[in-house]
Amino acid sequence: MQVDRGTYAEARTPWDDPEWRASAFAWVEAHVAALGWQERGPRWVRVRPWSVIVRFEVGRRLWFKANPPASRFESGLTEALARWAPGHVLTPYAVDSTRGWSLLPDGGSILRQYPGDERTWEQVVGQYAEFQRTLVPHADELVALGVPDARLAILPTIFDKTVTANQSLQPADRKVLDELRPRLLDWCDELAAIGITDSLDHADLHDGQIFAPVDGRFIFFDWGDAAVSHPFCSQLVTARHAAGSYGDDIIPRLRDAYLEPWTADGHTLPELRRAASLAWRLGSIGRAVSWGRLFPGAFDGPFLDGDQAEWLLKLADQPPF
């Protein structure tokens, strides 16, 4: 059995516990048997501080995923999304929301392996916007599932707690963030007044988290960083990744392709562009918070505080449109 630990050979995860492995394998094997399949090939394992993934071959590929406590919600969320927005996400074969376990079908090639172009990204963000619009009525249910609540009304409180807890921020950094806080409040108030309701924010949507299209439809996956927040906060990561391949000139085009479905609610493109500019800044808070979702004890010390501090300080960056 091949085990890929990437650059995290020293990280401690449940995979290192033989009893945990036996329990997880027994759970998968029971569901495979119930589905009438038999294992036909070697298992492959990917161990990271934020997840354990095992590939099973049963004449088709199955994927077992285990999340840490801070993103245990992903299994139940994936199951709910398959009901609320079929065709946009994978439909799991089984979930254990108490333990944060999922058994998922294979989604095929990821977008990173697909011979797409700039137009492909415009299609991606347009479909993702439609997906988010579908989920607007389910915001309270998403929070009830355990998806982190980062709705616009409480975003300043989340910001305050994150800044206070971070050990890597230098005095000069804290001064920058303290001075930004009044503007943060204004940004939240202005964004709320535009009237786009909170929805699901993937918070890490890039070409490694999207399956290549089948019949023109993209499938979004890997929800461990997700939060219930202003939907436009999702732009931050997606546009930055696309710009890495096609240059910064693609960002305004992706913004408008993403915003077009939201005009169906009666909003004008100029006010939506203003909302996008505000949410671009605020999206960095969600990214900062999601950095802490690791298996307890995976590392000694505040391993990711520095990365979290970097994302917090991106609040001061001017949006690229």
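**Reading a predicted fold, feature by feature**

Guide: Let's start with one residue: Asp-207 is buried, at a relative accessible area of 15%. Here buried means under 20% relative accessible area, exposed means over 50%, and partly exposed is in between, using a 1.4 Å probe and protein chains only.

Visitor: What kind of model is this, and how are its residues numbered?

Guide: It's a predicted model, with residues numbered from 1 along each chain as its sequence is written, and local features need a pLDDT of at least 70. Side-chain atom pairs count only at pLDDT 80 or more, while totals for chains, interfaces and linings use all residues, and side-chain values use heavy atoms, leaving out hydrogens and water.

Visitor: Okay, sheets. In what order do the six strands of the open sheet come?

Guide: First the vocabulary: strands (E, at least two residues) and helices (H or I, at least four) are DSSP runs, numbered from the N terminus. Two strands pair if DSSP finds at least two bridges between them. In this open sheet the six strands run in the order 1-2-3-4-6-5, and the pairing is mixed.

Visitor: Why is one side of strand 1 and of strand 5 left without a neighbour?

Guide: Strand 1 (2-4) and strand 5 (94-96) stand at the edges with a single partner strand each, so one side of each has no neighbour in the sheet. On average, neighbouring strands here are turned by 15° against each other, ignoring direction. For strand 5, pairing with strand 6 (residues 101-105) is antiparallel, over three bridges. One bridge you can look up joins Ala-94 to its partner Leu-103 in strand 6.

Visitor: Which strands does helix 1 lie across?

Guide: For angles, picture axes as lines fitted to C-alpha atoms, for helices over the stretch in contact, with angles from 0 to 180 degrees between N-to-C directions. Contact means heavy atoms within 4.5 Å. Helix 1 (residues 18-34) lies across strand 3 (51-57), strand 4 (61-66), strand 5 and strand 6, and runs at about 45° to strand 6.

Visitor: Now the rings. How many aromatic pairs does the structure hold?

Guide: A pair of aromatic rings is described by how far apart the centres are and by the angle of the planes. Rings of Phe, Tyr and Trp (its six-membered ring) pair if their centres lie within 6.5 Å; planes under 30 degrees apart are stacked, over 60 edge-to-face, and the rest tilted. The structure holds 20 such pairs. Take Trp-27 and Trp-101: their centres are 5.7 Å apart and their planes at 65°, so this pair is edge-to-face. Trp-27 sits in helix 1 and Trp-101 in strand 6, so the pair ties together parts 74 residues apart in sequence. Both Trp-27 and Trp-101 are buried. Another edge-to-face pair is Phe-232 with Tyr-258, 5.4 Å centre to centre and 80° between the planes. This one links Phe-232, in the loop between strand 10 (227-229) and helix 7 (235-246), to Tyr-258 in helix 8 (residues 250-259), 26 residues apart.

Visitor: Which residues form one aromatic cluster?

Guide: Trp-20, Trp-27, Phe-64 and Trp-101 do.

Visitor: Where does the charged end of Arg-255 sit?

Guide: A charge sits over a ring if NZ of Lys or CZ of Arg is within 6 Å of the ring centre and within 35 degrees of the ring normal. Arg-255 has its charged end over the ring of Phe-321, 5.0 Å from the centre. Arg-287 does this over the ring of Trp-311, at 5.4 Å from its centre.

Visitor: And what's the count of salt bridges?

Guide: A salt bridge is a side-chain nitrogen of Lys or Arg within 4 Å of a carboxyl oxygen of Asp or Glu. That rule gives 24 salt bridges. Arg-48 and Asp-4 make one, at 3.4 Å from N to O. Arg-48 is in strand 2 (residues 44-48) and Asp-4 in strand 1, so parts 44 residues apart in sequence are tied together. Arg-48 is buried at 11% relative accessible area, while Asp-4, at 25%, counts as partly exposed. Back to our opening residue: Asp-207 bridges to Arg-112, with the closest N and O atoms 2.9 Å apart. Arg-112 is partly exposed, at 48%.

Visitor: Last one: what phi does Ala-203 have?

Guide: Most residues other than glycine have a negative phi. Ala-203 isn't a glycine, yet its phi is positive, about 75°. Ala-203 lies in the loop between strand 7 and strand 8, and is buried at 10% relative accessible area.
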